[in-house]
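Visitor: Hi, I have a fresh model open and would like to talk it through. Could you walk me around it?

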Amino acid sequence: MQVKLIDHGVPADMLPKRAYANDVGADVYALRDQIVEIGCSAVIGLGFGLELPAGFGAFIFPRSSQTAKGVDCKLPPLDPGYTGEMHAVIHNGGHEAYHIYRGDRIGQLVVLPVATPDFVLDAGKARGDGAFGSTGK
């Protein structure tokens with residue numbers, strides 16, 4: 001599957017990339033230095049957008065080394081219709097200020113298939129917990 005990147009000022013050496021071909025997440029990078037104080041969050045532009053096909057969403061997950069320090073990286077789901085710049089939301093739940101430097105890997109971009117259900121008040125008759133023969137002969 002190929003997903004088109006939309007350039008919003010990302011340097012070529014900071015495009016999302018996987019360390020290994022079969023990795024689930026592709027590393028994303030900080031474009032500038034920033035400090036995230038204890039208990040605070042920072043919204044960090046990644047310099048690119050995505051053209052996602054219908055039925056897919058993109059998410060930024062934390063790196064394991066960040067999580068071990070109490071630092072979380074997240075992004076509400078990126079919808080297929082949104083083509084603006086992606087951002088990572090970094091939250092510092094650790095015990096000291098978290099320093100981010102230009103070029104640091106700050107999260108992992110994962111593209112996943114998603115179900116887009118229609119929400120209804122009446123979904124029909126429930127299955128129940130009847131077992132063998134509960135619906136008759």
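Visitor: Let's begin with charges. Which side chain meets Asp27 in a salt bridge at 3.4 Å, N to O?
Guide: That is Arg105; the 3.4 Å is the N to O distance. Bear in mind as we go that this is a predicted model.

Visitor: And where do those two sit in the chain?
Guide: Asp27 belongs to strand E2 and Arg105 to strand E10, so this salt bridge ties together parts that are 78 residues apart in sequence.

Visitor: Is Asp27 buried or exposed?
Guide: Asp27 counts as buried, because its relative accessibility is 8%. Arg105, on the other hand, is partly exposed at 37%.

Visitor: What else does Asp27 pair with?
Guide: Arg63 also forms a salt bridge with Asp27, and their closest N and O atoms are 3.8 Å apart. Arg63 is in the loop between E6 and helix H1 (64–67) while Asp27 is in strand E2, so that link spans parts 36 residues apart in sequence. Arg63 is buried too, with a relative accessible area of 15%.

Visitor: So which residues end up in one network?
Guide: Asp27, Arg63 and Arg105 do, joined by salt bridges that share partners.

Visitor: How many salt bridges does the structure hold?
Guide: There are 3. One of them joins the side chains of Lys4 and Glu51, at 3.9 Å from N to O. Lys4 is in strand E1 (residues 4–7) and Glu51 is in strand E5, so this one ties together parts 47 residues apart in sequence. Glu51 is partly exposed, at 38% relative accessibility.

Visitor: Switching topic: which residues touch the most other members of the largest nonpolar core?
Guide: Met86, Ile90 and Ile106 do, in a core of 24 residues. Strands that each supply at least two residues of this core include E2 (26–29), E6 (56–61), E8 (87–92) and E10. As background, nonpolar side chains in soluble globular proteins tend to be buried together.

Visitor: What is Ile106 in contact with, leaving aside neighbours within four places in sequence?
Guide: Quite a list: Val28, Tyr29, Ala30, Ile44, Leu46, Arg63, Gln66, Cys73, Ala88, Ile90 and Ile100. You'll recognise Arg63 there, the residue that forms a salt bridge with Asp27.

Visitor: Now aromatics. How many aromatic pairs turn up in a search of the whole structure?
Guide: Just 1. The ring centres of Phe59 and Phe61 are 6.2 Å apart with their planes at 40°, so the pair is tilted.

Visitor: Is Phe59 buried or exposed?
Guide: Buried, at 17% relative accessibility. Its partner Phe61 is partly exposed, with a relative accessible area of 38%.

Visitor: And what does Phe61 make together with Leu112 and Val114?
Guide: The three make a nonpolar surface patch of about 220 Å². Val114 is found in the segment after strand E10 (105–113), and it is partly exposed at 34% relative accessibility.

Visitor: One more spot: where does Asp72 lie?
Guide: Asp72 is in strand E7 and is partly exposed, at 26% relative accessibility. Not counting residues up to four places away in sequence, Asp72 touches Pro62, Val89, Ile90 and His91.

Visitor: What separates the C-alpha atoms of Asp72 and Gly93?
Guide: A distance of 7.4 Å, for two residues 21 apart along the chain.

Terms used
Residues numbered from 1 in each chain as written. Predicted model: local features only at pLDDT ≥ 70, side-chain atom pairs only at ≥ 80, totals over all residues. Heavy atoms only, no water. Patch = residues over 30% accessible without salt bridge, like charges linked within 9 Å, V, L, I, M, F, W, Y side chains within 5 Å. Areas by Shrake-Rupley, 256 points an atom, 1.4 Å probe, with all protein chains shown as cover. Salt bridge = Lys/Arg side-chain N within 4 Å of Asp/Glu carboxyl O. Helix = DSSP H or I, 4+ residues; strand = E, 2+ residues; numbered from the N terminus. Buried < 20%, exposed > 50% of the residue type's maximum accessible area, 1.4 Å probe, protein only. Phe/Tyr/Trp six-rings, centres within 6.5 Å; stacked < 30°, edge-to-face > 60°. Core = buried A, V, L, I, M, F, W, Y, C linked by side-chain atoms within 4.5 Å. Contact = heavy atoms within 4.5 Å.
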